[in-house]
Amino acid sequence: MCDHRCFVYEIVKMSGSSNLVAMKKIVQQLRFEASINRVKVSQAAADLQQFCMQNALQDPLLTGVSSSTNPFRPQKVCSFL
Amino acid sequence: MGEMEELRKEADNLKDQITEARKVVQDTTLQEAVAGTTLVGRVQLKTRKTLRGHLAKIYAMHWGTDTNCSKLCVSASQDGKLIVWDTLTTNKVNAIPLKSSWVMTCAYAPSGNMVACGGLDNMCSIYNLKGKDGNVKVMRELAAHTGYLSCCRFLNDSEIITSSGDCTCILWDIETGTEKTIFAGHLGDCMSLAVSPDFKMFISGACDFTAKLWDIREATCRQTFSGHESDINAIGFFPNGNAVITGSDDATCKLYDLRADQELITYQDSGIMCGVTSLAASLSGRLLLAGYDDFNVNIWDMLKAERVGVLAGHDNRVSCIGVSSDGMACCTGSWDSFLKIWN
């Protein structure tokens with residue numbers, strides 16, 4: 001499985017000062033990404049689940065649309081454009 | 001040579017640090033967390049409309065969002081046309097001939113005033129739909145990318161973000177036609193992008209197998225997500241903006257949580273062996289609709305990661321998919337030259 005490491009090594013194979021600059025940028029970016037605060041997966045999962053539940057009834061693809069309220073059904077299409 | 005070696009070691013250490021930090025907050029898995037939740041019942045959507053008119057493969061489609069055009073959508077085909085459709089009547093509101101027929105993406109501005117497209121011409125062309133004389137004309141041609149335009153999305157009528165085969169994404173000032181910010185960092189072609197619901201961030205998926213979260217105003221890459229084993233072709237936000245969904249040539253989709261900074265689950269099935277081309281979430285986020293190379297769209301229960309439906313109706317690859325802004329319908333576009341509206 002390819003991760004960040006594969007691509008870091010590819011750059012190292014090349015030589016030259018421009019690649020030193022590129023490498024420094026990569027390190028700087030990794031430092032930035034390492035420093036973020038992380039929320040527990042249990043919290044993240046609970047929040048996703050809660051959002052799904054709270055909005056379930058307002059999700060037409062999930063609840064289904066009755067033919068009388070379905071604007072795409074062929075019979076009486078009343079649209080105000 | 002010594003400095004390069006040191007930097008390489010530091011990069012490796014930081015990569016390990018990130019892996020560790022992600023493990024520290026992994027007190028459970030999404031699968032465990034939703035163990036008590038019932039699987040969504042079988043989802044059976046029917047084709048309500050078929051939009052006929054393109055004469056070649058459809059590569060992209062995008063729904064309008066403004067209340068005036070929530071049932072309008074734009075599609076791009078390699079027949080060299082952008083068509084704006086009224087999906088309720090199936091009428092073509094606009095049929096815009098393009099300078100370059102090698103189009104790969106299109107977008108509808110949130111205001112409904114403009115559409116944009118681009119492709120192998122390396123440019124993003126902006127069209128004004130509300131011109132005075134009623135004719136649709138090119139308003140701007142945004143040229144600076146050195147590779148194909150894979151995706152574009154409007155922030156508003158004066159700003160658009162593009163992703164390119166040159167491995168960068170660009171935030172443009174449409175008025176002046178110039179680059180405001182260049183987002184560099186991907187090590188492979190950028191294939192897709194999506195803007196967060198609050199318009200403050202965007203995510204990009206690339207051929208380096210990673211997805212990156214970018215802060216638009218700070219002009220920085222906040223987070224990078226790995227795990228896919230091949231190119232990421234499609235990307236989207238979970239409706240509350242806190243998670244990202246990706247679709248890849250490795251035949252899987254993945255859900256990454258932004259606050260936990262890690263992958264929560266993979267949507268895969270041993271029976272699915274072809275690449276994911278496109279994806280869209282339903283309004284509540286509970287359903288993930290993903291288009292595949294095998295001509296089908298699979299509908300997944302996003303929490304339980306099980307397939308709960310299939311949309312079979314196209315005679316060729318499903319290249320694009322979108323859910324309307326009111327969640328009422330899903331539109332699929334295909335290499336078979338048709339768009340279908342389902343609910």
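Let's start with one pair of residues: C152(B) sits opposite T162(B), a residue of strand 11 of chain B. Before going further, keep in mind that everything here comes from a predicted model. The pair belongs to a ladder of six bridges between strand 10 of chain B and strand 11 (residues 159-164) of chain B, and the two strands run antiparallel. They make a hairpin, with two residues between them. Strand 10 itself covers residues 149-156 of chain B, and seven of its eight residues are buried, so the rest of the structure largely encloses it.

Now move along chain B to a loop residue. T210(B) is in the loop that links strand 15 (201-206) to strand 16 (211-215) of chain B. Is T210(B) buried or exposed? It is buried, because its relative accessible area is 6%, and the cut-off for buried is under 20%. If you want to see what surrounds T210(B), leave out residues up to four places away in sequence and you'll find H186(B), S204(B), G205(B), T224(B), F225(B), S226(B) and I232(B) touching it. With H186(B) there is also a polar contact, side chain to side chain, at 3.4 Å.

Next comes a sheet that is worth walking through strand by strand. Strands 18, 19, 20 and 21 of chain B form an open sheet in the order 18-19-20-21, with antiparallel pairing. Strand 18 (232-237) and strand 21 (262-267) of chain B are at the edges with a single partner strand each, which means that one side of each has no neighbour in the sheet. On average, neighbouring strands in this sheet are turned by 20 degrees against each other, direction ignored. As a reminder, strands of a sheet pair through backbone hydrogen bonds, either parallel or antiparallel.

Begin at the edge. Strand 18 of chain B is joined to strand 19 of chain B by five bridges, and the two run antiparallel. Here F237(B) stands opposite V244(B) of strand 19. The hairpin these two strands make has five residues between the strands, and in it G241(B) takes a positive phi near 80 degrees.

Strand 19 of chain B then pairs on its other side. Five bridges connect strand 19 (residues 243-248) of chain B with strand 20 (residues 253-257) of chain B, again antiparallel. Two pairs to look for are I245(B) opposite L255(B) and G247(B) opposite C253(B). This hairpin has four residues between the strands, and A251(B) is the residue with a positive phi, near 75 degrees.

How many of the six residues of strand 19 of chain B are buried? Six of the six are, so the strand is largely enclosed by the rest of the structure. In a regular strand, side chains alternate between the two faces of the sheet. In strand 19 of chain B both faces are covered: A243(B), I245(B) and G247(B) are buried on one side, while V244(B), T246(B) and S248(B) are buried on the other.

A second sheet can be read the same way. Strands 22, 23, 24 and 25 of chain B make an open sheet of four strands in the order 22-23-24-25, with antiparallel pairing. Its edge strands are strand 22 (276-281) and strand 25 (306-312) of chain B, each pairing on one side only. From one strand to the next, the twist averages 25 degrees. Strand 22 is tied to strand 23 (residues 287-292) of chain B by five bridges, running antiparallel, and V276(B) stands opposite Y292(B) of strand 23.

How do the UniProt annotations map onto this? The unreviewed entry marks "repeat: WD" at several spans of chain B, including residues 225-266 and 276-310. Residues 225-266 of chain B are 0% helix and 55% strand, with end C-alpha atoms 13 Å apart. For residues 276-310 of chain B, the end C-alpha atoms are 14 Å apart, and the span is 0% helix and 66% strand. The unreviewed UniProt entry also puts a "coiled-coil region" at residues 4-31 of chain B. That stretch is 82% helix and 0% strand, and its end C-alpha atoms lie 42 Å apart.

Finally, take a look at chain A. It has four helices and zero strands. Of its 81 residues, 30% count as buried. The accessible surface of chain A is about 5200 Å², and 55% of that belongs to carbon and sulfur atoms.

Notes
Residues are numbered from 1 along each chain as its sequence is written. Chains are lettered from A and ligands numbered from 1 in the order in which they are written. This is a predicted model: local features need pLDDT of at least 70, side-chain atom pairs count only at pLDDT 80 or more; totals for chains, interfaces and linings use all residues. Side-chain values use heavy atoms; hydrogens and water are left out. Two strands pair if DSSP finds at least two bridges between them. Axes are lines fitted to C-alpha atoms, for helices over the stretch in contact, and angles run from 0 to 180 degrees between N-to-C directions. UniProt positions are given in the numbering used here, feature names are shortened, and annotations may be inferred rather than shown by experiment. Buried means under 20% relative accessible area, exposed over 50%, partly exposed in between (1.4 Å probe, protein chains only). Accessible areas come from the Shrake-Rupley method with a 1.4 Å probe; for residues, only the protein chains shown count as cover. A polar contact is a pair of N or O atoms within 3.5 Å; within protein, one must be able to donate a hydrogen and the other to accept it, and residues adjacent in sequence count only if both atoms are side-chain atoms. Contact means heavy atoms within 4.5 Å.
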